[in-house]
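Please look over the sequence and the model shown here before reading on. The report then takes up the strands and helices in turn.

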Amino acid sequence: MITLITYPPAFGEPAPSPFCVKAMYLLNASGFQWQRQDTKDPRKWPSGKLPAISVDGQVIGDSDNIRAYLEAKGVDFDAGLSDIDKATSRAFIRMAEEHIYFHILLDRWDNEAVWPLIRDTYFNEMPKLIRGAIAGSIRRNVVKGMHAQGLGRLTAEERLARLEPDLQAIATRLWQGPFLFGQTATAADASVGAMLRGGRSTPVETPLSRRIADDTILSEYTDRVAEQMG
């Protein structure tokens with residue numbers, strides 16, 4: 001059986017990481033039996049990140065690699081899609097995971113109203129005497145990295161304006177059906193749905209979480225992906 005190594009549930013979600021939720025969606029869609037193993041310490045897993053899967057003595061890290069493993073076992077997440085649709089799917093996945101995700105990261109790590117809840121959720125297994133110092137050091141590194149990347153230099157309102165065309169592109173694509181490529185959820189929905197779900201579930205309201213929650217098309221789509229793939 002496949003074991004998914006993931007962060008524990010948080011903020012009313014099966015995991016606080018959209019990538020862990022994406023992996024759950026893919027595993028559910030694969031039809032394979034799987035179980036979860038929760039941990040808050042990703043350091044011993046590949047690249048020091050989660051999610052990862054353990055199967056037949058092999059450990060596979062990263063949600064993209066998990067997808068590749070499942071596809072190598074015969075799963076076709078994009079059954080019926082044309083080559084053009086598959087190319088578009090790849091673009092939507094990269095938009096979600098390499099752009100939308102970092103807005104979520106900043107909402108959680110660089111927002112003074114959100115940070116105390118993030119700290120006390122992500123690091124609650126640490127003694128209080130050292131929690132603040134260690135969590136604060138990790139936070140500074142995250143924020144520094146996002147400043148170097150560029151998005152960290154923008155205000156929340158500027159970031160939302162930068163993100164707006166992405167959200168509109170998702171909504172426009174959904175004009176043709178309940179999912180990005182028609183009547184059935186595909187790999188792109190696993191990624192995009194998980195990222196929108198993560199953005200909406202930030203534990204203190206932010207411009208991004210409100211934008212997603214107040215958008216009927218995006219919010220209902222997020223729920224449909226969760227219902228079909230979750």
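What follows describes a sheet, the helices on it and one helix pair.

## Basis of the model

This is a predicted model, in which local features need pLDDT of at least 70 and side-chain atom pairs count only at pLDDT 80 or more, while totals for chains, interfaces and linings use all residues. Residues are numbered from 1 along each chain as its sequence is written, and side-chain values use heavy atoms, without hydrogens and water.

## The sheet

Four strands (DSSP runs of E, at least two residues, numbered from the N terminus) form an open sheet in the order β2-β1-β3-β4, with mixed pairing. The edges are β2 (34–38) and β4 (58–61), each with a single partner strand, so one side of each has no neighbour in the sheet. From one strand to the next the twist averages 25 degrees.

Strand β1 (residues 2–6) pairs with β2 in the parallel sense over 5 bridges, where pairing requires at least two DSSP bridges, and Ile5 stands opposite Gln37 in β2. Helix α1 packs on the sheet and touches β1, β2 and β3 (52–55), its direction making about 165 degrees with that of β1; contact here means heavy atoms within 4.5 Å, and angles run from 0 to 180 degrees between N-to-C directions.

## The helix pair

Helices (DSSP runs of H or I, at least four residues) α1 (residues 18–30) and α7 (residues 187–200) pack at about 140 degrees, with their axes 8 Å apart. The two are therefore oblique to each other, a term for angles that are not under 35, over 145 or from 65 to 115 degrees.
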